[in-house]
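Subject: The structure I promised you

Hi,

Here is the structure we talked about, ready for you to open. Have a look at it first, then read on for what turned up.

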Amino acid sequence: MRIIFSRKGFDSASGGGPSPIVDGRPVSLPIPAGAASRTSYGDLGLGELAHAASRGKHGADDLCHHDPMFTDEGTCLFGQVGAAQTHLANRRVGVGDVFLFFGLFRADGCDPHHCIFGYLEVEEVIALANGVPEWLVDHRHPHALAMHGKNDTIYAGPGRVAARASDALRLTVPEGPPSLWGRPDWLRKGGLSYHDRADRWLRGGRLRSVARGQEFVAEIGKRKAPRDWLARMIAEIRAS
């Protein structure tokens, strides 16, 4: 089994600033649209928040890359392509694995920090080069509307977003900066892709995460400690 820490949403490079925390709830703002989109920030009720977070660069009428997509039925659809998808494939990410989506967030008057805001338990992996299912087009998922690359893939399964930005879902240590994480005890040197350098694994249970990158894969196998930790994270996300 694998846990994938998947970076998504606004930041200084994509969108222009952190996503907001509104009334205690993390609201991940999708990045601006690239290859294909039929969804605007206004369609998602995020026009004013996108305008504020981007310092006026984006607003209600601008199209966004609505991905990951969380449905009213309690499922999540997540598309990946290019080098990031190649990395997932090389790490054999598939059915039974879990994505934990995190991003850069900021509440009013607080410093930006990385926070987990949702999850996806993979039940199906859809290689879009083999054909795009009509139901994905009906959902207007951007990866279904136009191929982004030869290895375009959608991961689907149960998933939802967090109702609150609790301390349990925060990755960044209290004093920051955002890339300095307090890692769980089970996550140790050599156990997370893209984080092989020894100087990233600091004393005091801290990890200096890479500045860029999307998919960080932890191979946990059948170990109990990471499975118990993952169950707590999912329960925290599902708490309302």
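Let's start with the cysteines. Why is Cys 115 not bonded to another cysteine? Its sulfur is 12 Å from the closest cysteine sulfur, the one in Cys 110, and that is too far for a bond. A disulfide, remember, is a covalent bond between the sulfur atoms of two cysteines. Keep in mind that this is a predicted model, and that it holds zero disulfides. Cys 64 is in no disulfide either, with the nearest cysteine sulfur, that of Cys 76, 15 Å away. Both residues are tucked out of reach: Cys 64 is buried with a relative accessible area of 1%, and Cys 115 counts as buried at 2%.

Next, the nonpolar core. In soluble globular proteins, nonpolar side chains tend to be buried together. The largest nonpolar core here has 40 residues, and the ones touching the most other members are Phe 5, Phe 99 and Leu 100. Two or more residues each come from strand 1 (2-7), strand 5 (75-80), strand 6 (98-106), strand 7 (113-121), strand 13 (215-219) and helix 5 (224-238). Which of these gives the most? That is strand 6, with six residues.

Phe 99 deserves a closer look. Leaving out residues up to four places away in sequence, the residues that Phe 99 touches include Ile 4, Phe 78, Leu 88, Val 93, Leu 120 and Tyr 155. Click on Phe 78 from that list. Phe 78 and Phe 99 form an edge-to-face aromatic pair, 5.2 Å from centre to centre with 70° between the planes. Phe 78 sits in strand 5 and Phe 99 in strand 6, so to speak two distant parts of the chain, 21 residues apart, linked by this pair. Are these two buried or exposed? Both Phe 78 and Phe 99 are buried.

There are 15 aromatic pairs in the structure. You can also find one aromatic cluster made of Phe 5, Phe 102, Trp 181, Trp 186, Tyr 194, Phe 216 and Trp 229. Phe 5 is a name you have already met, as one of the core residues that touch the most other members.

Now on to helix 2, which runs over residues 82-90 and has Ala 84, Gln 85, His 87 and Leu 88 as its buried residues. Why are they on the same side of helix 2? They cover an arc of only 155° around the axis, and that puts them on one side. The general idea is that an α-helix has 3.6 residues a turn, so residues three or four places apart point the same way. Turn the model around and the face away from the buried side carries the exposed residues Ala 83 and Asn 90. What do the buried residues of helix 2 pack against? The answer is strand 1, strand 5, strand 6, strand 9 (153-161) and strand 13. Just after helix 2, Arg 92 takes a positive phi of about 60°.

Arg 92 brings us to the charged residues. Side chains of opposite charge can pair when their charged atoms come close. The structure holds nine salt bridges. In one of them, the side chains of Asp 97 and Arg 2 meet at 3.2 Å, N to O. Asp 97 lies in the loop between helix 2 and strand 6 while Arg 2 is in strand 1, so this pair ties together parts that are 95 residues apart in sequence. Asp 97 is buried, with a relative accessible area of 2%, and Arg 2 counts as buried at 12%.

Arg 2 has another partner: its side chain also meets that of Glu 219 in a salt bridge, at 3.1 Å, N to O. With Arg 2 in strand 1 and Glu 219 in strand 13, the parts tied together are 217 residues apart in sequence. Glu 219 is partly exposed, with a relative accessible area of 38%. Which residues make up the whole network of salt bridges here? Arg 2, Arg 92, Asp 97 and Glu 219 are linked in it.

One last bridge to find: Glu 175 and Arg 206, with their closest N and O atoms 2.8 Å apart. Glu 175 is in the loop between strand 9 and strand 10 (180-182), and Arg 206 is in strand 12 (residues 206-208), 31 residues apart. Glu 175 counts as exposed at 52% relative accessibility, and Arg 206 as partly exposed at 28%.

Happy exploring!

Note on methods: Residues numbered from 1 in each chain as written. Predicted model: local features only at pLDDT ≥ 70, side-chain atom pairs only at ≥ 80, totals over all residues. Heavy atoms only, no water. Core = buried A, V, L, I, M, F, W, Y, C linked by side-chain atoms within 4.5 Å. Buried < 20%, exposed > 50% of the residue type's maximum accessible area, 1.4 Å probe, protein only. Helix = DSSP H or I, 4+ residues; strand = E, 2+ residues; numbered from the N terminus. Contact = heavy atoms within 4.5 Å. Phe/Tyr/Trp six-rings, centres within 6.5 Å; stacked < 30°, edge-to-face > 60°. Disulfide = S-S within 2.5 Å. Arc of directions from axis to C-beta. Salt bridge = Lys/Arg side-chain N within 4 Å of Asp/Glu carboxyl O.
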